Structure formats: C-alpha cells, structure tokens
Amino acid sequence: MQSVGEIKNMLESCPVENLPERLLGISKDSRKGVQALAARFQKKHDAYLAELERLETLLVYERECYAQGWKWVAGIDEVGRGPLAGPVVAAAVILPENHKIIGIDDSKKLSAKKREALCATIQKEAVAWAVGVVSHKRIDEINILQATYEAMRQAIAGLQIQPDVILADAVTIPQITIPQKAIVKGDAKSISIGAASIVAKVTRDHMMEAMAELYPGYDFASNKGYGSQKHLAGIAQYGICPIHRRTFVQRFLQGADADSQEIGMAGETLAVREMRKQGYTILEQNYRTRGGEIDIIAQKDGILVFTEVKTRRGTAYGTPAEAVTRTKQRHIIAAAKEYLAAHALTDQDCRFDVAEVLEEKGKTYFRYTKNAFWIE
C-alpha cells in the first residue's frame, strides 16, 4: 500500500486533466490523510473545469470569425497610454484556432508573476506574435492617441503571418485595410486580445525596469512611469529626465490643483450613489492610515469591500483604472490591513474593487470592477 506521502507526490505530478482517474483509484482508501488529499485535488480539478468554461466565453468572438472563414485572428491591445514617462507599447497575437491557455485574462487583473508566466506560454504557443513600440518623443509630437495607433500598426506589420481579421480593444485602427472589430473591454472578453494585453504589459514593464537603472530617482521599476507619489517627488527633486513625456508632465502638474480635487470628490460622490443602488452598505469614506488611504469601505453579502475611486476627464492619458498602479494598490492594501486590525476583523472575507468615473464629450460614464487587484 502506498504511503500518504507517496500518494501526495503522485497527485502533485499528475496532469490536472488526468486527476479524476487517479482520484478514482484512491477513492476506497479510508485513511483520513488520503481522503483529505482527495478532497484537495478534487477542488483543483473542479477549478480547472471552471477555468475551461470561462475560456469558452473568451472564444466567442474568435469563433464568430472562424465561422466567417477567417483562419488567422489577431488580437491587439496596448499598454502605456496614461504614464508620464516611457513609450506606448502594443502587441498583436494570433493563437491557434480554438486554442485555450489557462489563466489568460485582462493583464491588469493578473499579478506580475502570473503575467510573466503567461507571456512565456503565449509566445511559445502562438502562431505568431509581435510588438510595436512608439517612443515618448513621438508621443509628444503626434499625441498619445495617434501614437497608440502607430504602435498597433507596427505590431500588425511585425507579424510573420498576415491576419485575416483583427480584434482590437475598443478602437478601430486607422490606415489598416484588414477587416477589424472593436470590442469594448476586449481584453476581458476575447482570448486573443487578452493574450495581446499580457504580452504588451510584460514587454513595457521590462523596458521601464531597465529605465529605472538608468534614471534611478523616479521609482520607474515600481510605477512604470505612472504618476505615483515617488515619481512626482523625483520630478520635484531632479526635474524631468530624457524619457519623460514633456506634454504629459506639464498638463499633469497643471491639473494637480484644487480643480483636480473637486473632480475627485465629485467622482467619489457618484461612486457612493451607484454602489448604494447596487446594494452596497457604505461604512466609511476617505479612510486614512499611516500606510495609505481608502476612498470607500463598504459591505455586501458578508464581504468587506475596499474601493478605490478614479475620475478622469477623457482618456487621452488612459482610462481611470490605469491610474491604480501597483504602488497605489500596495498603499490601499496596507491601509486595509490597518483597518482590519483596528476593527478586529482579521478573519473577515474582503476584496479590492475599482470604481471608474469618466467624463467625456459632455457625458459621465461609471464602471465598477470587482476583484480589481488582490493581496499577493
């Protein structure tokens, strides 16, 4: 008879899709240790099946393309519209037909470690992939929107196989003759766009980490060029460096005044109203600690919710959610830990959400994202 340790090693080395057969083989073993292992690995297999089901929903747009006779479907996405420094990077990815890669999602929802692993898998398993990079200087010359289009065109041109159709995240790329479809929030709805968002994000992150060594005063390794507190402190102390987007820095600093605070307050008021409509009980607003600040603390269905509210007028510098950088997330998490400790809620289920308020073309848009980030 195998020992519990041997059974554990056997299950850990077994491919997840083959677990049911192995679990059946130990189902009659009445030892508590074996049954605990069986329950644990059954949960692992259940999670695998749930992930396959999720990936099915991410193939809807690709399968619509296959049904029209398009074989090579390229997903394309960009990263870096909002930062004050560094390039904008786009990626294009063509996956094999109906191909699933476990874990693919909007890159903003994934940890850095998970993105790195998925990027390697995508690049290995893709039929073709390429990136386009447009510099900070070019962004200042032609504006960020046109620079984004330019990066996307570079990525498409760099593919070793010309796509039959392009799925893009919320944009229609000019000067492209290939059929294309714009999908709002496509990085969370299309497996091809999700894959492209991961490749673009990892590529740009590596570039900014390299820039951090050349220009150490701005904390680029952490903020990736976004306007974090340390980044702004670096600008105040050293001025701008060669990779700063001069037009962005100028406008950013001009906007960091009372008007900006007023916009933020209005956004938080709207977020509170919309959250109440969705059944949230608001516990606190603007909770401050030594570690950081939380805009809204709420509760719903027994879960404590820490919500960061971001408001922007237009998307020239990226979506509101893009301002919730990893550095910002760490401050929010630190503040949440202090709140939980102060209220003796260390065992309380909780999550971190982001509420986006966008004012554009005379209209106000609200988007609420659950589980936007988490404690690593």
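The following paragraphs describe the sheets, helix packing, nonpolar cores and salt bridges of a predicted model.

One open sheet consists of 5 strands in the order S3-S2-S1-S4-S5, and its pairing is mixed. Strands S3 and S5 (residues 180-183) are at the edges; each has a single partner strand, so one side of each is left without a neighbour in the sheet. From one strand to the next, the twist averages 20°. Strand S2 (residues 88-94) and S3 run antiparallel and are joined by 7 bridges. Within this pair, Val131 of S3 is the bridge partner of Ala91. At the other end of the strand order, S4 and S5 run parallel, with 4 bridges between them. Here Leu167 has Lys181 in S5 as its bridge partner.

In a regular strand, side chains alternate between the two faces of the sheet. Strand S3 (residues 128-134) has a covered face made up of Ala128, Ala130, Gly132 and Val134, while Trp129, Val131 and Val133 form its uncovered face. The bridge partner of Ala91, Val131, thus belongs to the uncovered face of S3.

Two helices that pack on this sheet may be described next. Helix H4 (residues 60-67) lies across S1, S4 and S5 and runs at about 160° to S4. Helix H7 touches S1, S2, S3 and S4, and its direction makes about 150° with that of S3.

A second open sheet, also with mixed pairing, is formed by 5 strands in the order S6-S7-S8-S9-S10. Its edge strands are S6 (281-288) and S10 (363-373), each of which pairs on one side only. On average, neighbouring strands of this sheet are turned by 25° against each other, direction ignored. Strand S9 (residues 350-360) pairs with S10 in the antiparallel sense over 8 bridges, and Val357 stands opposite Phe366 in S10. Helix H13 (residues 326-342) lies across S6, S7 (293-300), S8 (303-313), S9 and S10, and runs at about 145° to S8.

In soluble globular proteins, nonpolar side chains tend to be buried together. The largest nonpolar core of the model has 35 residues, and those with the most contacts inside it are Ile76, Ile166, Ile173 and Phe220. At least two residues of this core are supplied by each of S1 (73-79), S2, S3, H7 (144-158), S4 (165-169), H8 (191-214) and H11 (246-255). Helix H7 gives the most, with 7 residues. When neighbours within four places in sequence are left aside, Ile166 is in contact with Ala74, Ile76, Ile156, Ile173, Ile176, Ile178, Pro179, Gln180 and Lys181. Another core, of 22 residues, lies apart from the largest one and includes Leu58, Ile104, Ile191 and Ala195.

Helix H3 (residues 32-57) has 26 residues, which at 1.5 Å a residue should span 38 Å; the end C-alpha atoms are 38 Å apart, in agreement with this value. Its buried residues are Val34, Leu37, Ala38, Phe41, His45, Tyr48, Glu51 and Leu55. These buried residues pack against helix H1 (4-13), helix H2 (19-25) and H8. Glu51, one of the buried residues of H3, is linked with Arg54 and Asp105 in a network of salt bridges.

The structure holds 20 salt bridges. In one of them, Lys100 pairs with Glu56, and the closest N and O atoms are 2.5 Å apart. This pair links distant parts of the chain, 44 residues apart: Lys100 lies in the loop between S2 and helix H5 (112-125), and Glu56 lies in helix H3. Both partners are partly exposed, Lys100 with a relative accessible area of 27% and Glu56 with one of 32%.

Lys224 forms a salt bridge with Glu209, in which the closest N and O atoms are 3.7 Å apart. Lys224 is in the loop between helix H9 (220-223) and helix H10 (229-238) and Glu209 is in helix H8, so the pair ties together parts that are 15 residues apart in sequence. Lys224 is buried, with a relative accessible area of 11%, whereas Glu209 is partly exposed at 32%. In a further salt bridge, between Asp106 and Lys108, the closest N and O atoms are 3.3 Å apart. Asp106 is buried, with a relative accessible area of 4%, and Lys108 is partly exposed, with a value of 39%.

Conventions: Residues are numbered from 1 along each chain as its sequence is written. This is a predicted model: local features need pLDDT of at least 70, side-chain atom pairs count only at pLDDT 80 or more; totals for chains, interfaces and linings use all residues. Side-chain values use heavy atoms; hydrogens and water are left out. Buried means under 20% relative accessible area, exposed over 50%, partly exposed in between (1.4 Å probe, protein chains only). Two strands pair if DSSP finds at least two bridges between them. Axes are lines fitted to C-alpha atoms, for helices over the stretch in contact, and angles run from 0 to 180 degrees between N-to-C directions. Contact means heavy atoms within 4.5 Å. A nonpolar core is a set of buried Ala, Val, Leu, Ile, Met, Phe, Trp, Tyr and Cys residues joined through side-chain atoms within 4.5 Å. The expected span of a helix is 1.5 Å times one less than its number of residues. A salt bridge is a side-chain nitrogen of Lys or Arg within 4 Å of a carboxyl oxygen of Asp or Glu.
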